Every structure is written in C-alpha cells, then in structure tokens.
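Here are some exercises to work through with the structure open beside you. Try each task before reading its solution.

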Amino acid sequence: MLPGCVNNFCILFIAMNKKTLAQNWFAEGKKYDHLLPNSEHAIEAYKQSIRNDNNFADAYVNLGFIYLARNDYDEALKYFQKVTTLEPDNAETFNNLGYVYEKMSRLGSAKQMYEKALKINPENIEAIINIAKIFELEGNYKGAVDQYKKAIDCNPGAISPRFCLAVLYDTHDMFDEAIKEYEIVLERDPNYVKALFNLGSLYAQLGDCRETIRLLKRALDMNPHEVTILNKLGEMYLSVSNYSAAEEILKQSIALNPFQEEVHMSLTQAQYAQYRLNPEASKKEEIRRRIHFVLTMNSDNKTCQEILNALE
Amino acid sequence: MYYNYWNLEKPPFDNVPDPSMYAECHTSMENAIAETLFAIEEGGECIAVIVGDVGLGKTMSLRMIIDSIAQEKYKIALITNPSTTFVQLMREIIGQITGKQCEEKKKVDLIEIFNRLLFKTIDEGKKVLIFIDEANAISPANLESLRLLTNMQDDKRNLFTMVLAGQMELARRLEQPKFANLFQRIGTYNQIEKIPSVELVKSYVETRLKLAGGKRKIFSDDAFNTIWEHSEHGIPRLINKICKLALKAGETNELTEINEEVIQQIGERFRKITGPAIQKRMPRKRPKEEMVPSSVEELEIAHEKKSVTQKEEHAEQVVEKWNMNKPSTDSPEDTSTTEAPLSFSVNKHSEPAVTHSISDTLFAAAKKNGSVAQEEIAETEIGACKLRIILPSDLMQQAQSTTREHRLRLAGAMAAKTLKENPQLTKSPYADPVSIWSEIRDLVLSKIG
C-alpha cells in the first residue's frame with residue numbers, strides 16, 4: 001500500500017471511529033435521559049457525542065429538548081438553531097425552533113420559523129396549527145380560524161386541527177360552530193375525552209341537561225378518576241334535582257380530592273335536599289359532619305352556617 | 001340558524017372582532033379605538049395608552065385598530081407578553097419589523113439597530129408601530145427603557161408610535177412621579193369601562209339587534225335588569241353571551257320575546273362555567289432509529305428502558321388525552337398554626353413506620369418555649385392504614401386550658417391536616433374522607449380532653 005493511501009485509510013478509520021464514539025455517547029445520553037430525565041449526565045453524554053461528531057443532529061435535538069424541559073430557552077435555542085443549519089430541509093426542525101421562540105414570548109420569530117417549515121412542506125399541518133396558535137395569542141380570531149381551516153383542508157382526517165378549531169369557537173361563544181367541530185372530532189375518535197367534556201359543557205350552557213349528562217358520563221367512563229368531569233357531572237345532576245346521583249358522583253370527586261370546598265358545598269346541598277324529603281337522623285349527622293369539615297377549611301363559609309342553623 | 005328565527009340578517013351577539021357591530025354600542029371601547037387610530041394616523045403621537053379591567057375588550061380593541069389601519073403605510077410589531085427582558089423585547093420588536101430573527105445580545109447594539117430601522121422605515125415612506133398588549137406586565141426598568149426609545153425622534157416628528165394596552169395597574173404605574181417623563185409623551189389615554197347602567201345595556205343590546213337587521217323589539221323591558229345583574233354589571237362579553245344564549249333558547253322553545261325569566265334561567269347556568277379543555281402542546285420529537293445495543297448489558301438496559309418508556313408513553317397518552325386545569329389541591333388554611341403543635345405518623349401494616357410532623361414550626365416553637373415534649377401516643381386503624389398520632393404533653397396541657405369548642409376546632413384542623421398529608425388514607429375510591437376526618441378528629445379529641 002502506498003504511504004498516501006495509508007494516511008487516507010488512517011483518516012477514514014479515525015473518522016469512522018469518531019462517528020461510532022459519537023453514537024455510543026448518544027446511546028449513553030439516551031440511557032441517562034430515560035433513567036434520570038434531563039440530568040447533567042445526559043447533557044454531558046450528548047455533548048461528548050457532539051465533540052466526536054459535530055454534525056450529529058440527533059444529539060443537538062435531544063440537548064435542545066433537555067434545555068427546553070429545564071426552561072433554559074437560550075440554551076435550547078442555541079441547539080435547535082444548530083439543527084436548522086444541519087438539516088435545512090427538515091420542516092420539523094423549524095417547528096421545534098419556533099416552539100422555543102414561542103416559549104420565549106417571541107411570537108413574531110416563532111411565526112417566522114413556522115412559516116419556514118411551511119415553505120419546506122406546505123402541507124405540514126403541525127406548522128399550520130402552530131401559526132394558528134400564534135394568531136390566537138395575538139387575538140387574531142379570524143386569522144386563527146383561517147389557519148385551522150387550512151390545516152383541515154390539508155388533512156381532512158386529522159383530529160388535532162378540528163379540535164383546536166372547536167376550542168377556538170368554544171372560547172368565543174360560537175356555540176353552533178364549536179358543536180359541529182366537536183361532533184366531527186367524536187365521529188373520528190368517539191373516546192376523545194376532552195371533546196366529550198367540552199361538548200358536554202357546551203350543552204350545559206345551552207341548557208340541554210340530558211345531552212350534557214350523556215356526554216359527561218361517556219367522558220367519565222373513559223377517565224373515571226378525573227375530578228373535573230365528576231364535579232361537572234355532579235353539578236348537572238344537582239341542577240336537574242337528581243340528588244342521589246349528584247351525591248354519588250360528588251362523593252367520588254371528594255374521595256379523589258378531599259379538600260374541594262365548593263364540591264363539599266354542592267354535596268351538602270344534595271344531601272340536605274334528600275334529608276328534607278326524608279329526614280333521617282344518620283343523614284343529618286352526615287351533613288353536620290361535612291359542614292364541620294368545610295368550616296375547618298373556611299370558618300367564614302356562610303352557607304355552611306345557614307344549613308347548620310336550618311338543621312338545628 | 002337561530003338568528004333567522006328572530007328575522008335577523010346576521011348573528012348580533014358574536015364575541016368576535018367585527019367593526020360593523022361596534023358603532024354606538026360600547027362608547028368607551030369605541031372611543032379608545034377611534035382616538036388611538038387618530039393618534040396613529042393623524043396625530044403622529046409618540047405613545048397611546050388603553051387601560052381597562054380584565055375582559056373588557058383591550059385585546060379586541062388592539063386587533064380592531066391593527067385591522068383598520070392601512071397596512072402598506074406601516075411596519076408593525078405586536079408584543080403580547082412583554083414580561084421579559086428588555087433585550088428579548090427589542091429582539092422581538094426588531095424581528096417582527098424586519099421579518100428576520102435578531103439575536104443581538106447587547107442592549108446598546110439593539111437600540112442602535114432599532115434607531116437605524118426607524119430612519120430606514122421613514123425613508124421608505126412608512127412608519128413603525130409598536131403595539132404592546134398586557135403592558136401592565138412590563139417591569140418598571142423595561143418601562144423606563146421603552147421611554148428612552150421615545151427619545152429617538154427627529155426634530156419635526158415622532159418616528160414611531162407605541163400603543164400600550166394593559167390593566168388598571170398600568171394606569172397606576174404611569175401616574176407615578178418617576179414615570180412623569182413617559183407620561184408627558186402620552187398623546188391619547190383611554191380607559192375601557194363596563195357599560196355603566198341598565199339603560200345603556202338596553203341601548204347596547206337594541207343597537208346590536210338593529211345592526212344585525214332587527215326590526216322589532218325582542219327583549220322585553222324587564223329583561224335588562226337581569227342582563228345587567230348576570231353580566232357583572234355591564235361586561236360586554238357577558239352581555240353578548242347571555243343575549244346569544246337567550247336568542248337560541250327562544251328559538252328552541254319557540255318564544256316570541258325574551259323576558260326576565262329566560263335571562264334568569266340562563267344566568268344561573270353561568271354560575272360554574274369553566275373554560276374548555278385545551279390540547280397540550282409540545283414540539284414533536286423526531287422519530288429516531290433505535291440504537292443497536294453493543295453488549296448484552298446494554299441490551300438488558302435497553303429492555304428495561306423500553307418497559308419504562310412504554311409506561312411513560314402510556315402515561316403521556318393519558319396526560320395528553322386529559323390535560324385540563326385541575327382544581328386546586330391546596331390544603332385548607334392551617335388554622336392550627338396559632339393553636340398547638342401535634343405530630344403524627346401513619347403506617348401501612350406492611351411498610352416501615354415513618355413519622356411525619358404535622359407542624360414542624362409549631363413543634364419547634366413549643367420546644368423553644370422550654371416545654372417538655374413528652375409524647376403521648378394515640379393509635380387507630382383506618383382501612384388498611386395504621387394511624388399513630390403523637391401528642392406532646394405541653395400541647396395536652398394547652399388544650400386542656402381552652403374551651404371545648406376551641407378543642408373541637410383544634411382537633412378538626414389537626415385531623416384535616418393529617419388527612420391532607422396522608423393521601424393513602426383516602427386512596428380507596430369508596431373511602432369517605434369526611435368520615436375518616438371525623439374519626440381522626442374524635443381520636444385527637446379523646447386525647448386532648
């Protein structure tokens with residue numbers, strides 16, 4: 001072998017070795033990241049990976065995510081920016097960078113990054129949704145609606161833009177439009193808990209208690225330990241004077257989080273209503289105990305005092 | 001659609017920005033928009049300020065101002081969260097105006113860039129406009145730095161206009177003597193208020209109905225008092241919501257007018273309305289090829305990691321599916337802090353005993369007072385948990401010298417805290433926390449007399 005070839009071979013061998021080392025350090029970093037998420041060990045391992053191969057995009061990405069999780073946005077920005085230089089044709093890298101800018105409250109820069117992602121891939125619905133979110137944050141309702149619709153046009157089967165659009169309509173009290181979008185979401189995914197809950201809450205505002213209860217029960221089937229659903233359902237039962245159902249549901253909520261003063265009050269109301277229909281001593285004692293418990297949380301609770309006086 | 005039922009041409013009470021629906025309706029908002037537009041377009045003012053309480057329409061006003069101005073004449077920056085460093089604020093302003101990211105690190109360099117940008121924009125026959133929403137969140141130091149920006153004017157005119165919109169705190173801050181220089185530069189100052197009377201609410205509702213093509217009276221006179229009450233005395237957004245729901249209810253129930261009773265029913269639904277659950281947002285991690293483990297040891301670790309990852313992924317899915325604002329789990333106020341210290345421990349039968357202090361500070365305070373902390377122990381079983389409460393003797397003495405009512409409250413507070421610090425006591429979905437609390441309270445009470 002000629003001396004020049006030996007040299008080239010050595011260089012190639014060292015380069016290959018460096019790449020393997022970089023990959024090994026990267027694997028080490030991933031290991032730490034799983035066992036000790038966002039730890040210094042993981043950071044050091046990824047940095048070692050970069051020292052061995054300064055074009056190793058995945059290591060920069062994972063470092064960016066660690067700093068993002070640590071709310072160190074300046075550092076995260078540095079690494080995600082590097083990825084955009086390594087992979088300038090990857091829309092996702094610009095979405096990530098945009099997200100860091102968003103976290104830094106630099107919405108203009110974030111939007112510019114999402115637009116770059118869209119330039120690379122005009123049908124990247126993630127970028128379109130991100131732009132819509134920026135419009136929302138800027139109070140640009142129409143702009144946000146247009147973007148979500150654009151995302152839906154790009155991928156009519158996608159649930160995410162429809163759900164986001166439904167929430168946007170919902171927060172602006174566009175009841176019919178929101179209902180329509182939530183229903184489409186539920187057609188695609190009948191177990192989408194947030195859509196079930198939000199649609200139920202919408203029907204509650206419209207005064208359709210039956211539909212509200214039906215939807216909230218479905219949401220509860222999917223997520224039986226979510227106090228927000230339990231509380232809403234309990235309130236609905238209370239509003240239709242189904243006191244025993246309200247009591248049962250609100251007790252479940254209290255069992256999950258015993259220190260919800262308002263829920264205790266609703267439960268007290270449900271129990272007191274039942275006591276008035278059927279005055280049992282044990283029920284009375286249960287109500288009294290609950291009231292004393294609530295008074296422990298808030299001794300100024302006037303409703304408690306009123307019910308207590310009414311019981312005596 | 002519901003508005004067709006009422007012979008209207010379009011929805012009259014949508015809570016979305018629509019300039020055609022604001023004439024003569026909400027005077028303070030209308031004035032804020034008109035005067036700010038004047039400050040920008042005609043007056044060439046340096047600073048315009050819009051203040052108002054939460055939910056009265058400041059952001060919507062800014063949006064309507066931005067949408068109303070001739071875009072080709074201005075270079076616009078809109079900042080929605082100014083609670084950041086001045087450097088970040090300037091980077092964002094410059095980035096929005098130029099359309100390119102600015103990562104300059106030094107304040108002085110950023111100011112220099114901004115200055116050049118102002119003159120360049122003027123040379124292009126345009127003007128820079130900076131809108132800052134939530135301006136009440138600007139730190140005093142940043143407010144002072146923003147004031148320094150306003151010094152960058154030429155002799156004849158202001159090179160840019162800055163519109164500050166914020167809550168009343170902004171108004172209070174601007175009135176402070178140390179911001180006198182900034183205050184002097186304010187060209188227009190507007191406060192958006194609630195609609196101040198039942199009569200004006202009536203006028204607001206009827207004007208909007210007319211603007212939507214309404215030709216007859218839809219809301220009876222007695223409805224307006226109730227609208228006023230349920231809209232927290234004139235918050236336009238709530239008025240719109242109530243009226244819209246009323247019109248929809250009217251359509252459903254085939255009513256010919258909306259009266260007090262309908263509004264009352266709708267108002268009561270408002271009692272516990274919470275915002276909708278939103279989707280959690282995170283950047284999507286890139287799919288990566290799994291690394292091939294190079295050793296058996298690594299393979300085992302990878303296997304372990306996979307199972308951990310699967311669990312994490314499952315947990316993430318659950319969280320992703322359900323990520324709404326959870327109700328506060330904050331404990332009740334610790335009424336015991338001025339009463340008496342008490343410590344307790346809870347064991348599961350199978351687990352080693354761990355003693356938790358119910359109130360370390362109080363316990364320390366009792367020791368400091370020279371009291372002998374000879375412990376008395378109360379034990380009970382609740383479900384599968386063994387509860388062990390340690391009562392220092394000085395506390396026993398203190399409790400004995402108070403009234404029964406006081407002891408009852410003391411025991412109740414202690415029991416509540418015990419419950420809070422030991423969630424395992426109420427872990428079972430069938431556990432009744434109040435019964436458990438009551439049981440613990442009785443136990444404490446039996447010991448303190």
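## Exercise 1: Two residues with positive phi

A:Ser241 sits in the loop that connects helix 13 (227-239) to helix 14 (243-256) of chain A. Bear in mind that this is a predicted model.

Task: work out what is notable about the phi of A:Ser241, then turn to B:His233.

Solution.
- Step 1. A:Ser241 is not a glycine, although its phi is positive, about 60°.
- Step 2. The relative accessibility of A:Ser241 is 43%, so this residue counts as partly exposed.
- Step 3. B:His233, in the loop between helix 10 (221-230) and helix 11 (236-252) of chain B, is likewise a residue other than glycine with a positive phi, near 60°.
- Step 4. B:His233 also counts as partly exposed, because its relative accessibility is 37%.

## Exercise 2: Reading a helix

Task: find out which residues of helix 5 of chain B are buried, and where they lie around the helix axis.

Solution.
- Step 1. Begin with the length. Helix 5 of chain B covers residues 107-123, which is 17 residues; at 1.5 Å a residue the expected span is 24 Å, and the end C-alpha atoms are 24 Å apart, so the two agree.
- Step 2. List the buried residues: B:Leu110, B:Phe114, B:Leu117, B:Leu118, B:Thr121 and B:Ile122.
- Step 3. Look down the axis. These buried residues fall within an arc of 130°, so they line one face of helix 5.
- Step 4. Check the other side of helix 5, where B:Val108, B:Arg116 and B:Asp123 are exposed.
- Step 5. Ask what the buried residues pack against: the partners in chain B are strand 2 (74-79), helix 4 (86-98), strand 3 (127-132), helix 6 (140-149) and strand 4 (160-166).
- Step 6. Look just past the helix: B:Gly125 follows, with a positive phi near 80°.

## Exercise 3: The largest nonpolar core

Task: identify which residues touch the most other members of the largest nonpolar core, and which helix gives the most to this core.

Solution.
- Step 1. The core has 147 residues, and those touching the most other members are A:Tyr182, B:Phe131, B:Val205, B:Phe219, B:Ile227, B:Leu247 and B:Ile258.
- Step 2. Helix 3 (residues 57-69) of chain A gives the most, with nine residues.
- Step 3. In chain B, domain 1 (2-14 + 196-274) and domain 2 (27-192) each supply at least three residues to this core.
- Step 4. Zoom in on B:Phe219. Beyond four places in sequence, its contacts include B:Phe13, B:Val205, B:Ile227, B:Leu247 and B:Ile258.
- Step 5. Recall the general pattern: in soluble globular proteins, nonpolar side chains tend to be buried together.

## Exercise 4: Two buried residues of chain A

Task: decide whether A:Leu186 is buried or exposed, and do likewise for A:Thr84.

Solution.
- Step 1. A:Leu186, in helix 10 (residues 175-188) of chain A, has a relative accessible area of 10%; buried means under 20%, so A:Leu186 is buried.
- Step 2. Leaving out residues up to four places away in sequence, A:Leu186 touches A:Tyr192, A:Ala195, A:Leu196, A:Leu199 and A:Leu215.
- Step 3. A:Thr84 belongs to helix 4 (residues 73-86) of chain A and is buried too, because its relative accessible area is 12%.
- Step 4. Beyond four places in sequence, A:Thr84 contacts A:Thr93, A:Phe94 and A:Leu97.

Note on methods. Residues are numbered from 1 along each chain as its sequence is written. Chains are lettered from A and ligands numbered from 1 in the order in which they are written. This is a predicted model: local features need pLDDT of at least 70, side-chain atom pairs count only at pLDDT 80 or more; totals for chains, interfaces and linings use all residues. Side-chain values use heavy atoms; hydrogens and water are left out. Helices (H or I, at least four residues) and strands (E, at least two) are DSSP runs, numbered from the N terminus. The expected span of a helix is 1.5 Å times one less than its number of residues. Buried means under 20% relative accessible area, exposed over 50%, partly exposed in between (1.4 Å probe, protein chains only). The arc is that of the directions from the helix axis to the C-beta atoms. Contact means heavy atoms within 4.5 Å. A nonpolar core is a set of buried Ala, Val, Leu, Ile, Met, Phe, Trp, Tyr and Cys residues joined through side-chain atoms within 4.5 Å. Domain bounds come from an automatic or database domain assignment.
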